[in-house]
There are 2 protein chains.
Amino acid sequence: MKNTKTSHLRYAILTLCFAIIFPAIAAKKPVDPLPSWNNGAVKLAITKFVASVTTKGNPDFVAPEERIAAFDNDGTLWAEQPVVQLEYASYQIKKMSPQHPEWKSQNPYKAVLEGDTEYLINDYINNHGKEMFKLIMATHTGMSIQDYNKRVLEFLQTVKHPKFKQSYNNTAYQPMLELLTYLRNNKFKTYLSYGGGVSFMRVIAMDTYGIVPENVIGSFAINSFEQVNGEWRIIKGSKNMFMHDGVTKPVGIELRIGRIPIFVGGNVRSGGDIGQLTYSQSNELPNFQLLINHDDDAREFSYAEKDNASLNAAKSGGWHVVSMKRDWRRIFSF
Amino acid sequence: MKNTKTSHLRYAILTLCFAIIFPAIAAKKPVDPLPSWNNGAVKLAITKFVASVTTKGNPDFVAPEERIAAFDNDGTLWAEQPVVQLEYASYQIKKMSPQHPEWKSQNPYKAVLEGDTEYLINDYINNHGKEMFKLIMATHTGMSIQDYNKRVLEFLQTVKHPKFKQSYNNTAYQPMLELLTYLRNNKFKTYLSYGGGVSFMRVIAMDTYGIVPENVIGSFAINSFEQVNGEWRIIKGSKNMFMHDGVTKPVGIELRIGRIPIFVGGNVRSGGDIGQLTYSQSNELPNFQLLINHDDDAREFSYAEKDNASLNAAKSGGWHVVSMKRDWRRIFSF
């Protein structure tokens, strides 16, 4: 039997030595890596999972190079009401309109210039967003990537979110920022895997989320490499477009990473993230799925899917569902 | 004016202290990071460049996250005589032929089964390789990525190179392996950027070159995500193929990385690497271009381009041309 008195004494001496050598460390309480998350089942599941895949000797241990985490953006890392990239398209149409007098009488540009949201919503619901697509083309192609990046950055840093009255680059969800940092501190590589254009979020992914440009995965078209005024430039194109959404998200992730993420975050809206959450479950390694449910109209927004597809998939897959109302102590940093 | 005597003394004391505290380090001679490279202009240029971009305070200093290096594969990191992925296609056609009795009388399969290389070379020269493309389709699509990876690995680990009598996964150029390691030790991210299929080299890129799967860039087609016998799998497809070669290599790199590499390596053959070497020169950051010239028939192969396009581009761009004969002390590790 162990002599507990001696071992208590030994522990006390050790602690004292430690406190003398490293007073600052010894005085510190363990730091909560997720202070904006309320204590509860989801927070506990996250920290338990991270501990289990990072503890050597644990049967669930995952080597650092295999620790890949991928997150949707709109509705997962920041709000998707409104969809920011579409806001950008409208903003640019207005900015570009003096050079395009014909837009005044030509839809969908006319609808944007006149603020005819009904026309655009109708297109989205009844016309597969074909008109919306024209807006994207007019504002996202035919220019050098440098020029595009400059325009996007100016928009994201200056235009304010209609509800939160903050520029978009300040509207990331604080609990998700903490989660990204927590994962990276545990040697995860963090990726963005979202439905918008790959170049769009690359402009601010590093400053906003700490995600490097090469780790942004999104929809894309094939660009070209051309000489413009003697300078070689990538010119944004529109051919062979790949929409990175829903069931094609696993395809885009595989194309880009070549491995299956062990941690994937998405959100409830149109079933757009079911694909990538399902994909991460096809991993033979331990894996974790996080689905964000928007149920906090006071602090953010509250909305549900017509068919409940994402919540149903979460139930049958055993995914962890975040209630923004219940699980997040705060939503934003401001 | 500085008192050099005092400063010499100070230096001597410091060195002595250092030697007492860290005797092993102090005793060591500086290690040559590129022992398989002969001393000469190219080796010197490489080490000078790396020192200049990694030395803080140097006007050419580049932050670690911007230190991106990309290398072609065939003819740059290992031999391209024969082209390994085409060897794989032939190998698989032969392996699959019992399940396809019709191939015996149907070209291009017949040509492969009968060893009719003239038919295939003629197709390559006069028919844009359209028949070759059928071989690639038959052996690279319609199966799960897991199944494909297993087949490729078996081929690369067992089939021997016709000249070197080594399995392909052992035939990397030793000087280039040292260069990759040297760059990574200096916090470069190393990428493969090659004309073959992205999935093919991913299978061995880590074990052969220390390049992680997510850093392999190549040609691709759009796959699908499907349920096979109850399991969700990525199925290799053939739609919307993107050929990552020549002038499209910058496009593929931009799509995948979103930044311009500061170090790019390619080789002389069909002008296939001029695009990515030119692209790296469009970087505003300091940048380096390495072009490998195959001029060593005894130890590897000797061949030239009909139009000399790559060497001409190297001359006008000031790129560093490796003569395998002159610059490499050894070619392989075996």
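1. Let's start with the salt bridges: over all chains, this predicted model holds 28 of them. Six salt bridges cross the interface of chain A and chain B. A good one to display is the pair B:Glu214 and A:Lys189, whose side chains meet at 2.4 Å, N to O. B:Glu214 sits in the loop between helix 10 and strand 3 (216-228) of chain B, while A:Lys189 belongs to strand 2 (residues 189-197) of chain A, so this pair joins two chains. The two partners are covered to different degrees because B:Glu214 is buried, with a relative accessible area of 5%, whereas A:Lys189 is partly exposed at 24%.

2. That pair is also part of a network. Salt bridges with shared partners join A:Glu66, A:Lys189, A:Arg259 and B:Glu214. Elsewhere across the interface, the side chains of B:Arg259 and A:Glu214 form a salt bridge at 3.0 Å, N to O.

3. Now for the interface itself. Chain A contributes 33 residues to the contact and chain B contributes 34 residues. About 2,900 Å² is buried between the two chains, with carbon and sulfur atoms giving 62% of that area. On the chain A side, A:Glu214, A:Phe225 and A:Leu255 lose the most area to chain B, together 21% of what that side buries.

4. Please have a look at helix 11 (residues 249-257) of chain A, where nine of the nine residues are buried. Charged residues are included in the buried set: A:Lys249, A:Glu254 and A:Arg256 are among its members. Which residue partners A:Lys249 in a salt bridge? The partner is A:Asp273, with the closest N and O atoms 2.7 Å apart. This salt bridge links distant parts of the chain, since A:Asp273 lies in the loop between strand 5 (263-267) and helix 12 (274-281) of chain A, 24 residues from A:Lys249. Both A:Lys249 and A:Asp273 are buried. Just after helix 11 of chain A, A:Gly258 takes a positive phi of about 75°.

5. Chain B has an open sheet of seven strands, in the order 4-3-2-1-5-6-7 and with mixed pairing. Its edges are strand 4 (231-242) and strand 7 (320-323) of chain B, each pairing on one side only. From one strand to the next, the twist averages 35°. Strand 6 (residues 288-293) and strand 7 of chain B pair in the parallel sense over four bridges, and B:Ile292 stands opposite B:Val322 in strand 7 of chain B. Helix 3 (residues 41-54) of chain B lies across strand 5 (263-267), strand 6 and strand 7 of chain B, running at about 155° to strand 6.

6. The largest nonpolar core has 153 residues, and A:Leu179 and B:Leu179 touch the most other members. Helix 10 (residues 198-209) of chain B supplies the largest share of this core, seven residues. Contacts of B:Leu179 include B:Leu34, B:Trp37, B:Ile46, B:Phe71, B:Phe263 and B:Leu290. Apart from this core lies another, of nine residues, among them B:Met96, B:Tyr109, B:Leu135 and B:Ile136.

7. One more residue deserves a click. B:Glu131, in helix 7 (residues 130-140) of chain B, has a relative accessible area of 10% and therefore counts as buried. Leaving aside neighbours within four places in sequence, B:Glu131 is in contact with B:Asn107, B:Pro108, B:Tyr119 and B:Asp123.

Definitions and conventions
Residues are numbered from 1 along each chain as its sequence is written. Chains are lettered from A and ligands numbered from 1 in the order in which they are written. This is a predicted model: local features need pLDDT of at least 70, side-chain atom pairs count only at pLDDT 80 or more; totals for chains, interfaces and linings use all residues. Side-chain values use heavy atoms; hydrogens and water are left out. Two strands pair if DSSP finds at least two bridges between them. Axes are lines fitted to C-alpha atoms, for helices over the stretch in contact, and angles run from 0 to 180 degrees between N-to-C directions. Contact means heavy atoms within 4.5 Å. A nonpolar core is a set of buried Ala, Val, Leu, Ile, Met, Phe, Trp, Tyr and Cys residues joined through side-chain atoms within 4.5 Å. Buried means under 20% relative accessible area, exposed over 50%, partly exposed in between (1.4 Å probe, protein chains only). Buried area is the accessible area (1.4 Å probe) that two parts lose on being put together, summed over both. A salt bridge is a side-chain nitrogen of Lys or Arg within 4 Å of a carboxyl oxygen of Asp or Glu.
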